[in-house]
Protein chains: 2
Amino acid sequence: MSLDRAYAEALDAADPLARYRERFLLSDPALIYLNGNSLGALPLATLRRMETVYQQEWGTALARSWDHWVDLPARAGDLVGGLIGAAPGQVTVTDNTTVNLYKLATAALDARPGRPVIVTDHDNFPSDRYVLAGLAAQRGAELRMLATDIDEGVHPDLVRAAVDEDTALVSLSHVAYRSGALADMAAITGIVHQAGALMLWDLCHSAGAVPVDLDGCDVDLAVGCTYKYLNAGPGAPAFAYVSARLREVLRQPIWGWFSQRDQFAMGPSYDPAPGMAKFMTGTPSIPGTAAVEEGARLLLEAGVEPMRAKSMRLTAYLIELADAWLVPLGCTVATPRDASRRGGHVSFCHPEAERIVARLAEQGVITDYRTPDRFRFGLPALTTRFTDAWDAAQAARDLIAESFSGERYVSHG
Amino acid sequence: MSLDRAYAEALDAADPLARYRERFLLSDPALIYLNGNSLGALPLATLRRMETVYQQEWGTALARSWDHWVDLPARAGDLVGGLIGAAPGQVTVTDNTTVNLYKLATAALDARPGRPVIVTDHDNFPSDRYVLAGLAAQRGAELRMLATDIDEGVHPDLVRAAVDEDTALVSLSHVAYRSGALADMAAITGIVHQAGALMLWDLCHSAGAVPVDLDGCDVDLAVGCTYKYLNAGPGAPAFAYVSARLREVLRQPIWGWFSQRDQFAMGPSYDPAPGMAKFMTGTPSIPGTAAVEEGARLLLEAGVEPMRAKSMRLTAYLIELADAWLVPLGCTVATPRDASRRGGHVSFCHPEAERIVARLAEQGVITDYRTPDRFRFGLPALTTRFTDAWDAAQAARDLIAESFSGERYVSHG
């Protein structure tokens, strides 16, 4: 490879997914947006769909629209299922990731009485750790924390050493939010099942970014957000997956009217609905769920495998640029170098990461900062050009060389 | 009063709030929409705001918008607080009503250890009854059901007879979803406090419809939806109120990252945020919360007292028309006749209520059906004309006279 921008331009010209960028608003041509792993871009189809949802469905048809809205969470769930290896009927779109985690983790504990241990890792996303800690406190259970290497992610051996006949639930992120390390879903799920525990995967940073095969890996439970790689907008509802093996057996703790069999009979007693509706709570966001449908549809059209192929090339290219330009300035690569072991974002360590992110933003290069000393470049396949990676790496190089290099900035990471 | 349509037209001409109807989309002039108690109409300001939220804030500024989005639930909460008698800092907008009920009811039980009883009424909204039943099952608590008269609502004497030193929590709806009966918030809250229990009000059918004075009634906890009288759209996030007396003491069970102190430090342990943020969970819907802000702002501009004055006149007028036209055809009025004892909707009993609602809808008169034999006319003050009440009552009269009257249709209600 060459370090010239012309090389990046040639990669863009040969990119079979390049035309998908035109399907998003991205109206500021000067903006280098490498933060789609935090908030994905706005699909033009979603903008059109929102006009229909607001003006026609809500504004004009009003409450009559509930006739077709009522099945929207299931329809959107099946589309998301197509991106994460879930056959129809196992995914619904409802609430946010935190609430879904709480519901499914509680259901898992109830399904494994006499097993007082929940396992997660110390670098799992904060909401995951906090929800599990709250649940452990509520139940008098123990929350066992795997001491993962935060750059390399969760190794199956760590899980094997931590689970036993006391373990009810193991809950991990498929792609680590800081490093982008991709966990071995099949191996870890198998280890957890051998111990007789249930496995709950958080797919926030992997759904839409890497191929996920929930059914193929025999996963029990999964949750994930839709505002990152699924491009459903800020605070759009999250998804929940429950394997068909367990769907009719498990019970979740928040007994709302959208989880009730024959909801509009409004009967005297709670009787959980069949299928994934049981894992809903109250009235779901209709515009948000419609946006999930549009986002998922766009990704399905592009195809998970082509997106993954481009994503691996993009992240590899960025790492090569970083090795040439950023590592000599005191940055370290804080993401696995083996493309098959990482997701759609790349992290770097630098003691001034927070200021680097702020200064890059002033120049229109949007990345993000994660404690204590990481800055992340998110490279969603449908919206990121190779030239974006080049421009961002060059901007980081110039900035760090000018303002943040020298003896006192050598990374301790 | 006269039964002529001209009389309704005169009332509209004299209505000081009449001009507010132009602030909503309501684009079909032939539609008689009396179902705003299920889904409120779309404010034009919300349509404009959504353009900004989608195109500018999400589509163009992207993740940078979190700088001002992060405080949106608190800002929207304070606006809603202005409609329900809550001083700033006691309301947030988050999740849906079901999830908020679950969180606050759990917090209440935790705050009253050794008291194993929750009280509600058998005609409370299904989600309320189911959530409390689930919580009781989880805690081994007893759910005590008040045998309310479903048309007259919850009488304070019933509550007095049901609460004792075993009661942790009483949870009731301020306005009954079926009959529209308005409970005596001050008296009931006082009775509950005398027993040492906590009081949680569901304001779904009262926020924006009747004056509510949470602080003045010394209420502990309240929840409510925003898609009815607050016009925030289908599945818009709900609100939660926790009295400043209890806000720093109570803990809710779903420990998400939006309820964490210093959220972006992403620290190792959960440490609940001060203020109402503690009662949030994960990432809130931004378009939905912005729509709550717009809806609440419009109602605050019109004023709770003027809306209530019009609402009482509207419901009284509809009841007078019903006495003249519907009662002789076998309907009964299933809403308190004293205007100070009802909210913003009026219900009627008829054994063929479900078919009446369906047939009226075919004629463009949108009302709704509630089991077993009620049909409801919702009359939000800002979008309902006296002529709408007249047109709907006349359409119901003609329909029932033609298709549903006679011996076998006399109501048993």
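Which residue lies over the face of B:W325, and at what distance from the ring centre? I would like to open with that small detail, and the answer is B:R397, which lies over the face of B:W325 at 4.5 Å from the ring centre. In the other chain, the charged end of A:R397 sits over the ring of A:W325, 4.5 Å from its centre. Please keep in mind throughout that this is a predicted model.

Let me turn to how the two chains are arranged. Chain A can be laid on chain B by a turn of 180 degrees, with a shift of 0.0 Å along the axis and an RMSD of 0.0 Å. The two copies are thus related as by a two-fold rotation axis. If you want a place to look for that axis, the C-alpha of A:D95 is the one in chain A nearest to it, at 3.4 Å. As for the contact between the chains, 100% of the interface residues of chain A are also interface residues in chain B, so the copies meet through the same surface.

Next, the aromatic residues, of which I will show a few. Over all chains, the structure holds 32 aromatic pairs. One of them is formed by A:F348 and A:F375, whose ring centres are 5.6 Å apart and whose planes stand at 40 degrees, so the pair is tilted. A:F348 belongs to strand β10 and A:F375 to strand β13 of chain A, so this pair ties together parts that are 27 residues apart in sequence. A:F348 is buried, with a relative accessible area of 0%, and A:F375 likewise counts as buried at 0%.

In chain B, I would point to B:Y317 and B:F386, an edge-to-face pair with 5.9 Å from centre to centre and 65 degrees between the planes. This pair links distant parts of the chain, with B:Y317 in helix α11 and B:F386 in helix α13, 69 residues apart. B:Y317 is buried, with a relative accessible area of 3%, and B:F386 counts as buried at 3% as well. There is also a cluster linked by ring pairs, which brings together A:W66, A:W69, A:W257, A:F258 and A:F264 with B:F125 and B:Y177.

Where, then, is the largest pocket, and which residues are closest to its centre? Its volume is about 900 Å³, and among the 38 residues that line it, the closest to the centre are A:S38, A:D368, A:R370, B:W66 and B:F264. The elements that give two or more residues to this lining are α5, α6, α12 and β12 of chain A, together with α3 of chain B. The most comes from α12 of chain A, which gives 4 residues.

I will finish with the backbone. Most residues other than glycine have a negative phi, and most peptide bonds are trans. Against that background, a cis peptide bond joins A:T371 and A:P372, with omega about -10 degrees, and A:P372 is found in the loop between β12 and β13 of chain A. In chain B, a cis peptide bond joins B:T371 and B:P372, again with omega about -10 degrees, and B:P372 is placed in the loop between β12 and β13 of that chain.

The other point concerns A:M266, a residue other than glycine whose phi is positive, near 50 degrees. A:M266 lies in the loop between α9 and α10 of chain A and counts as buried at 5% relative accessibility. For B:M266, phi is also near 50 degrees; B:M266 lies in the loop between α9 and α10 of chain B, and is buried, with a relative accessible area of 5%.

Technical notes. Residues are numbered from 1 along each chain as its sequence is written. Chains are lettered from A and ligands numbered from 1 in the order in which they are written. This is a predicted model: local features need pLDDT of at least 70, side-chain atom pairs count only at pLDDT 80 or more; totals for chains, interfaces and linings use all residues. Side-chain values use heavy atoms; hydrogens and water are left out. Copies are superposed by least squares on the C-alpha atoms of residues with pLDDT of at least 70 in both. Contact means heavy atoms within 4.5 Å. Rings of Phe, Tyr and Trp (its six-membered ring) pair if their centres lie within 6.5 Å; planes under 30 degrees apart count as stacked, over 60 as edge-to-face and the rest as tilted. Buried means under 20% relative accessible area, exposed over 50%, partly exposed in between (1.4 Å probe, protein chains only). A charge sits over a ring if NZ of Lys or CZ of Arg is within 6 Å of the ring centre and within 35 degrees of the ring normal. On a 1 Å grid over the protein atoms alone, a cavity is a set of points where a 1.4 Å probe fits but cannot get out, and a pocket is an open set with protein on both sides within 12 Å along at least five of seven lines; lining residues have an atom within 4 Å of a point. Grid points are joined across faces, edges and corners, and a volume is the space filled by probe spheres set on the points.
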